[in-house]
Amino acid sequence: VFDAGTSLDAIEAERCTFLSGNDPMFQMMLSHPSLAARQLALRGGWGSCTPQMMQAAEETLGMTICHAYGLSEASPNVCMSDWRDPPEKRWNSYALPLPGLSVRMVDPESGQAMPPGATGEIQVRGWSLMKGYYGMPEQSAQTLTADGWLRTGDLGTFDDQGRMHFIGRIKEVFRVGGENVAPAEVEDLLLRHPAVAQAQVVGVP
């Protein structure tokens with residue numbers, strides 16, 4: 001269980017300089033009534049958050065925060081932005097593959113590799129991948145290709161400098177007017193409005 005007050009107590013008392021977290025964790029800490037009186041020594045960290053939360057965490061906590069993309073099957077991080085990257089890249093989930101890992105975008109239907117700028121399923125290969133789901137050979141075969149690529153079920157794209165940009169989950173994508181719409185992108189847009197504290201987009205008929 002994550003408790004914002006207890007976590008802030010530890011961060012302050014131990015003079016922590018590095019912090020990682022996700023949207024709910026950062027939101028709970030940033031909105032905690034005791035935060036303003038804290039004497040924090042934070043300098044850096046990483047998060048898997050919306051751009052708005054990344055920016056708020058960095059500016060409020062006084063730290064340089066990098067975006068991280070990963071999943072449990074890859075132990076877990078696959079890509080991470082560099083602390084020297086421009087804020088708009090770090091905050092908007094542009095991140096480079098970690099050493100020893102390969103990342104590609106693949107058309108989920110045809111299996112063809114996608115060029116930079118095109119959206120596809122994020123697939124990963126390298127030293128940190130799982131060997132398979134324990135006692136679940138069929139699920140393992142569906143998730144890992146014969147040549148060792150992990151099908152993440154996530155959508156992403158590459159920019160012209162090789163940074164991966166996470167878009168959303170394939171299963172969450174809606175068909176709206178013949179177009180694919182990722183709820184995460186809609187949520188990001190809604191969260192830019194100062195009157196919106198939280199947003200969750202779901203599909204309805």
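1. Quick definition before we start: two strands count as paired if DSSP finds at least two bridges between them. With that in hand, look at the hairpin of strand 8 and strand 9, which has 5 residues between the strands. Gly 162 sits in this hairpin and takes a positive phi near 85°. Keep in mind throughout that this is a predicted model.

2. The same two strands, 8 and 9, pair in the antiparallel sense, and 5 bridges hold that pairing. If you want a spot to click on, go to Gly 156, which stands opposite Phe 166 in strand 9.

3. Now zoom out to the whole sheet. It is open and built from 9 strands, and the order to trace is 1-2-3-4-5-9-8-7-6, with mixed pairing. Why do strand 1 (18–22) and strand 6 (101–106) each have one side without a neighbour in the sheet? They stand at the edges and each has a single partner strand, so one side is left open in each case. Going from strand to neighbouring strand, the average turn is 45°, direction ignored.

4. In that order, strand 5 sits next to strand 9. Strand 5 (residues 94–97) and strand 9 (residues 164–169) run antiparallel and are joined by 2 bridges. Two residue pairs are worth finding here: Tyr 94 has His 165 as its bridge partner in strand 9, and Ala 95 stands opposite Met 164.

5. Tyr 94 deserves a second look for its ring. Lys 89 lies over the face of Tyr 94, at 4.2 Å from the ring centre. There is another arrangement of this kind elsewhere: Arg 104 lies over the face of Trp 149, and here the value is 4.1 Å from the ring centre. As for rings paired with rings, the count comes to 1 aromatic pair.

6. Some backbone angles to check by eye. As background, most residues other than glycine have a negative phi, and most peptide bonds are trans. Ser 75 is not a glycine, yet its phi is positive, about 70°. The peptide bond joining Ser 75 and Pro 76 is cis, with omega about -15°. Both residues belong to the loop between strand 3 and strand 4: Ser 75 is found there, and so is Pro 76, with strand 4 covering 77–80. Is Ser 75 buried or exposed? It counts as exposed, because its relative accessibility is 54%.

7. Ser 93 also has a positive phi, about 65°, without being a glycine. Its place is the loop between helix 4 (87–91) and strand 5. Ser 93 is buried, since its relative accessible area is 7%.

8. Helix 3 (residues 51–61) lies across strand 1, strand 2 (44–48) and strand 3 (64–70), and runs at about 150° to strand 3. Which residues of helix 3 are buried? They are Pro 51, Met 53, Met 54, Ala 57, Glu 58 and Leu 61; note the Glu in that list. These buried residues pack against strand 1, strand 2 and strand 3, and also against helix 2 (23–30), helix 4 and helix 6 (183–191). Just after the helix comes Gly 62, with a positive phi of about 70°.

9. On the other side of helix 3, Thr 50 is found in the loop between strand 2 and helix 3. Thr 50 is buried, as its relative accessible area is 15% and the cut-off for buried is under 20%. What does Thr 50 touch, leaving aside its neighbours within four places in sequence? The contacts are Asp 23, Trp 91, Asp 188 and Leu 191.

10. Last stop is Thr 157, found in strand 8 (residues 150–158). With a relative accessible area of 10%, Thr 157 is buried. Its side chain reaches the backbone oxygen of Ala 118 at 3.1 Å. Not counting residues up to four places away in sequence, Thr 157 touches Met 105, Gly 117, Ala 118, Thr 119, Arg 163, Met 164, His 165 and Ile 167. Two names in that list should ring a bell from point 4: Met 164 stands opposite Ala 95, and His 165 is the bridge partner of Tyr 94.

Notes
Residues are numbered from 1 along each chain as its sequence is written. This is a predicted model: local features need pLDDT of at least 70, side-chain atom pairs count only at pLDDT 80 or more; totals for chains, interfaces and linings use all residues. Side-chain values use heavy atoms; hydrogens and water are left out. Rings of Phe, Tyr and Trp (its six-membered ring) pair if their centres lie within 6.5 Å; planes under 30 degrees apart count as stacked, over 60 as edge-to-face and the rest as tilted. A charge sits over a ring if NZ of Lys or CZ of Arg is within 6 Å of the ring centre and within 35 degrees of the ring normal. Helices (H or I, at least four residues) and strands (E, at least two) are DSSP runs, numbered from the N terminus. Axes are lines fitted to C-alpha atoms, for helices over the stretch in contact, and angles run from 0 to 180 degrees between N-to-C directions. Contact means heavy atoms within 4.5 Å. Buried means under 20% relative accessible area, exposed over 50%, partly exposed in between (1.4 Å probe, protein chains only). A polar contact is a pair of N or O atoms within 3.5 Å; within protein, one must be able to donate a hydrogen and the other to accept it, and residues adjacent in sequence count only if both atoms are side-chain atoms.
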